[in-house]
Amino acid sequence: MTASPQIPEAAWSRRLDKVLESPGRPGNPSFDIILEMLPAIIRINRANKKARKSGRLPLMDPFNTFDPGPYLGVPLGGLGGGTITRGWQGDFSRWQMRPGIYQYETVAADQFSVYVKQPGKKGTAQVLYPGKPVGGALSGWAWELPGSKSTYHALYPRAWTEYNGVAPGLNLTCRQVSPVLPHNYKESSLPAGVFAWTVENTSDTEMKVGLMFTFQNGFGAGSDFEGGHVNSAFSDGGPSGPISGVVMKHNYRQPKPLDEGQVLDEQEYYEDPLSFAIAAQGTDEVKVSYRTRFVTNGSGMDVWHDFRTDGELENVEDEKPSNERIAIGAAVCATVTVPAGGKCEVAFALGWDMPIARFGEGRGWYRRYTRFYGKNGESAPRIVCEALDQYSDWETQIGAWQESILDDPRLPDWYKSALFNEAYYITDGGTVWTDGLAGGDQPDMPEDAAPCAPEPGDYGHFAYLEGHEYRMYNTYDVHFYASFALASLWPELELSLQRDIARALTAEHPEELKMVLSGHRAPRKVRGAIPHDIGGPTEDPWYRVNAYDFQDVSRWKDLNPKFVLQIYRDFVATQDIDFLVEVWDAVVEAIDYARQFDVDEDGLIENEGYPDQTYDTWSVSGPSAYSGGLWLAALAAAAEMADILDQGEAAKSYRDTLAKGQRAYEDLLWTGEYYAYDASRSAQATSIMADQLAGDWYARACGLPGIVSEANAQSALKVVFDHNVRLFESGTMGAVNGMRPDGRVDASTMQSQEVWTGTTYAVAAAMLQLDMSEEAFATAEGIYKQTYEELGYWFCTPEAWTYKGRHRSLAYMRPLAIWAMQWAWDRRG
């Protein structure tokens with residue numbers, strides 16, 4: 001059999017014994033910030049206590065944050081069917097089965113182990129993991145693999161682990177791959193991953209090698225111990241040889257929403273199907289064996305003794321349901337005799353089938369993969385069998401996608417690594433991809449249901465979270481930055497998302513909510529305002545939009561312009577005229593709604609003295625570089641779309657307003673070197689905002705002329721580079737959001753003092769568009785170094801960090817903006 005493909009030089013690599021001693025940790029606001037935000041903090045705590053009392057997770061909980069440490073790796077699974085993350089040391093440590101809800105939990109039983117025997121010598125067995133379980137579970141297994149000769153490599157959606165010298169003369173390479181295939185809308189939905197092992201014998205005698213994959217029935221949650229789980233064997237002929245495995249049916253119950261006055265003790269549950277499957281591919285050389293059941297919270301000696309005896313399992317079948325407080329697992333083993341100096345390949349697959357994505361208020365949607373694999377929850381065996389049959393083709397497609405970028409000598413390797421590895425968030429952002437409403441028990445239709453609820457065409461609904469800790473789907477002010485990834489890789493999903501937003505424009509949710517940061521009351525959603533988000537996983541996405549309740553987003557100044565810009569950018573990417581026609585009315589209404597914020601009718605909208613844009617704790621007043629620039633760019637994009645659709649009168653109106661607004665923008669905000677934060681008389685008005693040219697960046701990304709002159713844009717970005725990048729921690733941490741002209745950090749608010757990872761990538765993209773490549777890569781490299789070298793944020797890149805490396809909002813959407821850099825690079829003249 002063939003050896004594994006070469007590991008790309010650009011892959012991120014880490015030796016298994018190299019654990020960071022001082023990784024980044026959750027941030028703690030300064031005393032001044034706490035004092036300033038104390039009323040809001042009290043309101044947040046009250047809201048979160050109320051949510052927990054009703055059995056829900058809070059929307060955001062800044063005082064109970066995720067801190068998994070620097071142990072994560074490339075996640076498994078395609079788009080929208082859930083994900084399972086295998087850490088870089090070999091443990092399975094992050095789970096997203098229930099849509100948008102994460103379980104950060106290492107499951108000790110989920111491991112690969114190896115058995116080795118040479119003629120005349122005693123066989124040995126070893127778990128391929130450098131740690132050991134906490135609490136004494138599986139104490140009979142051989143833990144604590146020496147990690148100094150083993151290295152992990154990651155280039156999403158693939159990962160490789162090289163285990164050199166596991167035994168004298170034995171080298172192993174585990175090649176992990178998932179069906180994340182750009183422009184593919186079938187296999188890319190498959191909830192599965194494959195582990196293809198190359199077994200190399202460098203000794204002068206033959207060697208018997210067994211590889212065992214063990215897996216617990218569950219995902220590290222309390223339900224693993226609730227009893228009623230059943231494991232059973234299955235087999236399949238398979239075009240490439242016989243496949244044997246174990247399917248694990250999980251007795252999963254999802255809580256129903258509590259009625260008014262109901263307490264948690266009276267909780268009722270949905271019983272939606274969930275199953276896992278593990279399997280291995282047999283050949284003439286590879287023998288597959290299994291054990292369907294062992295107790296995972298005991299010593300584990302039954303399965304371990306079976307394996308270490310001869311590197312095989314006894315095909316023990318036990319379908320007895322698990323008891324309460326007992327977790328069970330299964331094992332599949334592939335055994336091969338490798339000749340002296342020879343190599344062979346053995347392949348395992350992990351798949352799962354949770355056909356219904358059910359949200360907090362009870363509405364269930366079928367997931368995309370059920371269109372091809374059935375909706376009854378019995379498809380896990382078929383999923384792993386097809387994964388084993390198809391994974392070589394997946395690797396070919398992934399290699400073809402990545403090849404042109406990896407082979408470009410002008411791009412630094414660290415950038416190539418970050419570009420592909422940050423794409424993890426497209427699948428592992430709490431991602432849901434639907435295929436129609438599920439049958440059975442569903443909540444009533446809300447009277448004010450958003451018109452985006454019906455599925456848009458053949459591609460269903462697509463949604464991903466703002467962040468693992470910020471539980472809102474398709475947060476639109478952030479997607480503005482991240483959307484270059486989806487538009488580049490799965491443009492039909494990007495169009496589907498935009499159709500949902502366009503339809504939601506007309507939604508009205510008149511219920512009044514108390515805004516957390518201001519304490520004021522405001523309607524949840526008003527017509528004409530682009531929604532902040534499409535809903536949260538604890539509520540009813542697509543039917544109830546705007547889960548966010550920190551600010552009154554109906555008066556945010558960036559959302560409507562960002563909608564117009566994204567619509568035009570997506571038309572540029574797809575040339576789909578039917579899409580443009582479909583959303584044109586929403587574009588017109590979005591512009592008309594935003595005009596109200598031009599109170600002095602100078603063509604430039606004004607901010608209202610509170611944080612009324614994506615920087616939602618950073619107040620801004622009057623004309624501003626950020627919001628004003630976005631508005632001007634939106635007018636330019638709207639005029640271009642009007643021309644395409646023969647809407648001459650509208651095009652003229654937009655261009656007239658644009659010309660007037662550009663004059664005001666220059667007169668009020670241009671300092672001679674950069675664009676001021678805003679035109680107020682506040683102490684921060686002249687601050688240098690890293691993101692000041694967001695509008696100009698997007699206009700140029702769409703192929704439009706910039707909203708400011710090229711000379712002014714280059715000057716402003718040079719000031720950002722000199723101040724926000726180089727003067728902040730010697731240029732090693734990215735671009736800090738706000739700097740004063742004298743070189744001090746703008747300390748007026750929490751967010752002005754932060755580095756936003758995705759914003760930094762966007763600033764670098766703007767630099768690339770203006771032939772500032774050296775500055776662009778120097779700016780972005782700081783984010784890479786902190787994420788992948790210094791702070792240990794790999795595969796959970798946060799929204800922000802401080803100069804101390806303290807993070808806020810782990811595993812966040814905006815860092816996908818690195819794909820805006822590639823967008824700019826590909827379109828350079």
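In strand β5 of this predicted model, residue Q103 is the bridge partner of W95. That pair belongs to a small meeting of strands: β4 and β5 (residues 103-104) run antiparallel and are joined by two bridges. The two strands make a hairpin with six residues between them, and in its turn G100 has a positive phi of about 80°.

Strand β4 has a second partner to look at. Strand β3 (residues 83-86) also pairs with β4 in the antiparallel sense, here over four bridges. Within this pairing, W95 of β4 stands opposite I84, while W95 is also the bridge partner of Q103 in β5. The hairpin of β3 and β4 has five residues between the strands, and G90 takes a positive phi near 110° there. How many residues of strand β4 (residues 92-96) are buried? Five of the five are, so β4 is largely enclosed by the rest of the structure. As a general point, strands of a sheet pair through backbone hydrogen bonds, and they may do so in a parallel or an antiparallel way.

Further along the chain, another hairpin is found. Strand β25 (residues 509-514) and strand β26 (residues 521-525) run antiparallel and are joined by four bridges. One of the paired positions links K514 with R521 in β26. Six residues lie between β25 and β26, and G519 in the turn shows a positive phi of about 85°.

An open sheet comes next, built from three strands in the order β31-β32-β33 with antiparallel pairing. Strands β31 (755-756) and β33 (807-808) stand at the edges with a single partner strand each, so one side of each has no neighbour in the sheet. Strand β31 is joined to β32 (residues 800-801) by two bridges, and V755 stands opposite W801 in β32.

Stepping back to the whole protein, the model contains 18 helices and 33 strands. Its radius of gyration is 27 Å, close to the 28 Å that the globule rule gives for 829 residues, so the protein is as compact as a globular protein of that length. The C-alpha atoms fill a box of roughly 90 × 60 × 55 Å along the principal axes. Buried residues account for 65% of the 829 residues. Of the contacts with a separation of 6 or more, 71% are between residues 24 or more positions apart.

The surface and the charges complete the picture. The accessible surface comes to about 28300 Å², and carbon and sulfur atoms contribute 47% of that area. There are 73 positive and 113 negative side chains, with the centres of the two sets 4 Å apart.

Methods: Residues are numbered from 1 along each chain as its sequence is written. This is a predicted model: local features need pLDDT of at least 70, side-chain atom pairs count only at pLDDT 80 or more; totals for chains, interfaces and linings use all residues. Side-chain values use heavy atoms; hydrogens and water are left out. The radius of gyration is taken over C-alpha atoms; the globule rule is 2.2 Å times the number of residues to the power 0.38. Buried means under 20% relative accessible area, exposed over 50%, partly exposed in between (1.4 Å probe, protein chains only). Contact means heavy atoms within 4.5 Å. Accessible areas come from the Shrake-Rupley method with a 1.4 Å probe; for residues, only the protein chains shown count as cover. Lys and Arg count as positive and Asp and Glu as negative; His and the chain ends are not counted. The place of a charge is taken as NZ of Lys, CZ of Arg, CG of Asp or CD of Glu. Two strands pair if DSSP finds at least two bridges between them.
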